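Colleague: Please take one part of this model, chain B, and go through it slowly for a first-year student. I would like to know how its sheets and helices are put together and what it does at the other chain.

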Amino acid sequence: MGYPVTLRVNGVDHELEIGADETLLHVLRYRLGLTGTKENCLKGECGVCTVLLDGASVYSCLVLAVMAQGREITTVEGLARAGGLSDLQAAFLRHGAVQCGYCTPGMLLAAEALLTQLPCPTEAELRQGLSGNLCRCTGYGRIVEAVLEVARLRQDERAERQG
Amino acid sequence: MSVNTMGSALRLDGPEKVVGRAAYGPDLVRPGMLHARLLRSLVPHGRILAIDTSAAARLPGVRAVLTAADVPDVRFGGLINDVPLLARDKVRYQGEPIAVVAAVSPEVAAEALSLIDVQIEELPLVDDPEQAMRPDAPLIHEAWASYTAAPHVEREGNICAHTTIARGDLEAAFAAADLVVEERYATAMVHQGYLEPRAALAEATPDGRITVWSTTQLPFLIREQLAAILGVPVGRVRVIATTIGGGFGGKLRILLEPYCALLALRTGRPVRMVMSVEEELVADAPRAASITAVRSAVARDGRILGRQVRVIFDCGAYAGSGPAIASVGALVALGPYRVPAVRIDAYGVYTNKANTGSYRAPGAPQVNFAIESHMDEIARRLGIDPLELRLRNVLEEGDQAANGQVVRGVSIREVLRRAAEAIGWGEPSAPTESPSLRRGKGLACAWWTTTQGASTAYVRANEDGSVVLVTGCAEIGTGAITAGVPQLVAERLGIDPSSVIVVSADTDATPYDYGAQGSRSLYMVGLAAVRAADDLAEKLLRLAAEQLEVAPADLELRQGAARVRGAPERAIPLGELVKVAMKQGGPPIGTGALSGVVTEYDDHCVRHSTYPAFHEPSFAAHAAEVEVDVETGQVRVLRYVAAHDVGHVVNPLGIIGQIEGGVAQGLGQALSEQIVMADGGVVNPNLAGYRLPSAVNVPRIESITVTSPSAHGPLGVKGVGEPPIIPPGATIANAIRAATGARIHALPMTPERVLQAIDEAGKEPA
């Protein structure tokens, strides 16, 4: 019924037949059962569907799945380190940045992509960088604290390694 | 008594949420599941002449198409049973469900909708609530008198609620006044804005029952109403609340569940329905718009001698929570003030708009915006500092409020003082970079309730020393059920809160709870759970006493074991006690049940109210400093402080979360959010047009907690879920007034409105 495509999600290859009009969001949730990536507006206005393509954040509801072939797709399910949480995931919990949790997967990935691009953001740069991910529960304060702390911790680690 | 602060960062549901495993409504799938979609009216008011579903029913992949003729002819609702399942003879708002389709995919269902032909004869549009109240207005519900309703609801024609509070001699007060201030304020319809769309999934089970998974905050209410709709005893229905991606009151009431259930019974397959964002903004229970007229009689020294308030809530086509909102709005209109003479009239009115519902502190942000802006205006006209004016009028401990209730735990002075101190009240703002930027500070205060309502909890222990907490209340994101209550239970049992397992919100498996609403969860479920924990503790200590050959009174539960007081090494771990109990019939279970306090009020003063008194009231004061660009009308919130009386701090991060989140929603309502309607239709049914605040729109918020314990809450807790959303509208409006001299009378205070107000202020004589 569609195009034979191999999608590499969280380091694992999946061979699928995908329709030309199927979004990456739809494939992740309904074809691969990876429901960690959330659905809401389905038109790029809220951010809950955020995933990473080769480390850069995208709205998976606006990406055609066939276009993701050959790219590294990272979803929230791919963040945890073996046997534990990523530093961002742990920081979100430590700072009370998770209430209902619906924005959390997208927010974590957006933060991950932002810190890759901008390792030492100011608060204003951080807020700007996360402005494409809506949160209705937290008012953003605890999320900002969590990400700023991780930025500092990563910076300390880098300094240690270089020192 | 303090609470184990190790629980401060505890969220038992946190790990599953950060790894993406938590199962929300739209995540649920069942084998063979069908997808349902609703056909919604494009006409806001009209008579249905004909519906032809034959083409839709023939479409491959469609398994059922239902119209009003195919479903029970019942009406249900919030407090008035005025809602049909599917529009029968009339449609009353653009977006009203007319038909429902179940198909093998959402795409086929959507295509089927396009094949349904509906003939509607348009009727005159009623979209102004003040016009709707007139005796000659077209009736939205011709048969309104035949509807059943909750006790105390007063209604007539298009007026679906009318609550009054009257006390003292209002005429004398106005006769004695040195100043009379009369104003009018309005607020727009806004949406709860949860990021998870509403969803339900129903499956008929082999035993002839029906199971419904729902993103609901009130599983027991859904069960009751669904059973009534299906015409079966409640025991035939099981409702399970999924993990909820935000509710804020918008997911209290029944909506999708009946369609899913009826389609599941019709097709023999599980049926799921998920709302789209467009449907949410067009048709799903937003916060009612309001018009508040307020008139105050004031003495020269600032004392309010008398106040008359008329509030109109635009409830939309179906009353929803309207009567409750009118009732609560009337209490909010009193404010945390002593006013010897009052007359409050709060109305709910039908119009041809989406049926409105409950949203965090229903009725409060609307009325508080009016009352607290009004207080500020009174202060300015008298030349009195706005903080000082409030302090001259606030309730004192033991005062009788105008509804006759005696108010205790009054902390209004303290929260005002703390907020004012934190914002630097009285100190001028720093100079701005440009003459078109003006800065100013404003403040506002409020009082609110801790809703009661029955709650039962069970607590039992496992052989490994872990403890299971079983409650009918759903965790909706606040952490009350997955952090606060487990902390309280852990404290009573002497265990680490991370050893608590929570089972919640399943009408088969968990006991009754009134639901996650009204800022009640930590208080009421906390009380029930503490009673259950104490009941369990008593049973465990009796067992331990037998084993250790001491009296139970010589034992205490500490650090995971029953220990002899003064000789803690003589102990039996909890798990071991459970193993002993296994041989005696099984691990003991503790039960706690209660219905909460009854708050006395004067029923001569309060008439036709479904919520006549605030239980265990809490108090709040907010202050902000804004910078207004008088050329563009843009408002930047530089600093925001929120002081809240929470009674007792159980979970600091939980409290901060409620304050920051509630303020953010309040700022959205204050500055940018509105559902815009024209000709009976929603103009902006998407998130590009309906502006939810993003991370750049919300400033840092400084949370201040004050503890003036409640009389009966666990450790003196008061509810904090709702209050933070109440003051921001007036706080920002008052700050804008201070910055620019312009008083804005309507929310949201968009740049256009700000510019208009500045313009008008410039024309007024000095």
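Modeller: What follows goes through two sheets, a pair of helices and then the contact between the chains.

The model is predicted, so to speak of a local feature needs pLDDT of at least 70 and a side-chain atom pair counts only at pLDDT 80 or more, while totals for chains, interfaces and linings use all residues. Residues are numbered from 1 along each chain as its sequence is written, chains are lettered from A and ligands numbered from 1 in the order in which they are written, and side-chain values use heavy atoms, with hydrogens and water left out.

Start with a sheet in chain B that has four strands, in the order β18-β27-β28-β31. A strand here is a DSSP run of E with at least two residues, a helix is a run of H or I with at least four, and both are numbered from the N terminus. Two strands pair if DSSP finds at least two bridges between them. The sheet is open and its pairing is mixed. At its edges are β18 (437-448) and β31 (701-706) of chain B, each pairing on one side only. From one strand to the next, the twist averages 15 degrees. Angles run from 0 to 180 degrees between N-to-C directions, and axes are lines fitted to C-alpha atoms, for helices over the stretch in contact.

Within this sheet, β27 (residues 618-629) and β28 (residues 635-645) of chain B run antiparallel and are joined by nine bridges. Take B:E625 as an example: its bridge partner in β28(B) is B:R639.

A second open sheet of four strands in chain B has the order β21-β20-β19-β25, again with mixed pairing. Its edges are β21 (500-504) and β25 (589-594) of chain B; each has a single partner strand, so one side of each is left without a neighbour in the sheet. Neighbouring strands here are turned against each other by 15 degrees on average, direction ignored. Five bridges pair β19 (residues 455-461) with β20 (residues 467-471) of chain B in the antiparallel sense, and B:A457 has B:T471 as its bridge partner in β20(B). Helix α14 (residues 521-548) of chain B packs on this sheet and touches β19, β20 and β25 of chain B, where contact means heavy atoms within 4.5 Å. The direction of α14 makes about 145 degrees with that of β25(B).

Now the helices. Two packed helices are described by the angle between their axes and the distance between the axes. For α6 (residues 219-230) and α7 (residues 257-267) of chain B, the angle is about 50 degrees and the axes are 10 Å apart. The pair is therefore oblique, the word for angles left over once those under 35 degrees are called roughly parallel, over 145 roughly antiparallel and 65 to 115 roughly perpendicular. The crossing of α6(B) and α7(B) is right-handed, which is the case if the near helix is turned clockwise from the far one by less than a right angle, and left-handed if anticlockwise.

From α6(B), B:I222, B:L226, B:I229 and B:L230 meet B:E257, B:P258, B:A261, B:L262 and B:L265 of α7(B). By class, that contact has eight nonpolar, no polar and one charged residues. Ala, Val, Leu, Ile, Met, Phe, Trp, Tyr, Cys and Pro count as nonpolar, Asp, Glu, Lys and Arg as charged, and the others, Gly among them, as polar.

Last, the other chain. The contact takes 51 residues from chain B and 45 from chain A. About 3,700 Å² is buried between them, of which carbon and sulfur atoms give 57%; buried area is the accessible area (1.4 Å probe) that two parts lose on being put together, summed over both. B:V18, B:L195 and B:A695 supply 20% of the area that chain B buries against chain A, more than any other three residues.
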